[in-house]
Amino acid sequence: MSSRKLEGRLVVASHNPGKLWELRQLLSPHGVETVSVGELGLPEPEETEPTFAGNALLKARTAAFASGLPAFADDSGLCVEALDGAPGIYSARWAGPERDFGEAMARVERELKERGATQPFRAHFLCALAVVWPDGHVEEFEGRIDGVLVFPPRGTKGFGYDPIFLPEGLDKTFGEMMSAEKHAMPHDGSRALSHRARAFQALAASLL
Ligand SMILES: O=P(O)(O)OP(=O)(O)OP(=O)(O)OC[C@H]1O[C@@H](n2cnc3c(O)ncnc32)[C@H](O)[C@@H]1O
Ligand SMILES: [Mg+2]
């Protein structure tokens, strides 16, 4: 539990529209006013750190110092067991400059085939969240969801790798789920579903 609370305007340090939308959905019930880095005209920093947590911190810190407001960043990705955790922190970069996730998902399938991997193709999504205040104070949270990959991709909802990710114990991919299902926030104390919602649950318990 942190003594620091999120108050006033918060900068959401993401340039990914799918993620931005989910993060704002998660924040809105708490009455936190948000402004995105894009709306502030701030550039996308290069993600030079070797970990999700390091890159989340880098993005939040850059935005907090540039704006003079507390900033919130998410670094996330898909880690495939048979690919030794790839694409991992390179999840966005596998989609190339055009952010073509059809191609990124095809590459995952191709690399599994090349390695002779057999089903089930175990994988997890990871989400690191960082909040940085302009005085340098930092709060960090993490969430994970385990599942398996399915090919061909299923569903057109969500973003990124959602259509190939089947969460453990469920029969719908993230691409087949309404977004409210993907990041639902249970009110009975049970665990949220997605990696982002799980990380956010920890954040909310501490900062909101
Ligand atoms: O850094 P920002 O500006 O936030 O946007 P980004 O898209 O580059 O975000 P990341 O660096 O964190 O890269 C994470 C990639 O992993 C994928 N990813 C993360 N969370 C996901 C989710 O919930 N569903 C599907 N794909 C996801 C997605 O393709 C992202 O582009
Ligand atoms: Mg990024």
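1. A good place to start is the ligand. Strand S3 supplies the largest share of the shell around ligand 1, namely four residues. Please keep in mind throughout that this is a predicted model. The shell holds 23 residues, and those that come nearest to the ligand are Ser-14, Asn-16, Ser-91, Ala-92 and Gly-160.

2. For anyone thinking about the chemistry of that shell, its make-up by class is six nonpolar, nine polar and eight charged residues.

3. Since S3 gives the shell its largest share, the strand deserves a closer look. S3 covers residues 71-80. It is largely enclosed by the rest of the structure, because 10 of its 10 residues are buried. Ala-71, Ala-73, Asp-75, Gly-77 and Cys-79 point one way from the strand, while Phe-72, Asp-74, Ser-76, Leu-78 and Val-80 point the other way, and all of them are buried.

4. Next, the strand partners of S3. Strand S4 (residues 121-132) pairs with S3 in the antiparallel sense, over 10 bridges. Within this pairing, Leu-78 has Phe-125 of S4 as its bridge partner. Strand S1 (residues 9-12) runs parallel to S3, and two bridges join them. In S3, Phe-72 is the residue that stands opposite Val-12.

5. Now to the annotation. An unreviewed UniProt entry lists Glu-46 and Asp-75 under "binding site". The two are spread over 30 residues of sequence, yet they cluster in space, with a largest C-alpha distance of 12.4 Å.

6. Are these two residues buried or exposed? Glu-46 counts as exposed because it has 9 C-beta neighbours inside 10 Å, where the limit for that class is 12 or fewer. Asp-75 has 27 such neighbours inside 10 Å and therefore counts as buried, the threshold there being 20 or more.

7. Their settings in the fold can be set side by side. Glu-46 is found in the loop between strand S2 (33-36) and helix H2 (52-67). Asp-75 is found in strand S3, on the side towards which Ala-73 and Gly-77 also point.

8. Finally, the surroundings of Asp-75. Leaving aside residues up to four places away in sequence, Asp-75 touches Phe-52, Asn-55, Ala-56, Lys-59 and Ala-128. Helix H2 spans 52-67 and strand S4 spans residues 121-132, which may help you to place these contacts when you look at the model.

Terms used: Residues numbered from 1 in each chain as written. Chains lettered and ligands numbered in written order. Predicted model: local features only at pLDDT ≥ 70, side-chain atom pairs only at ≥ 80, totals over all residues. UniProt positions renumbered as here; feature names shortened; annotations may be inferred. Contact = placed C-beta atoms within 7 Å. Near = placed C-beta within 6 Å. Nonpolar A, V, L, I, M, F, W, Y, C, P; charged D, E, K, R; others polar. Pairing = 2+ DSSP bridges.
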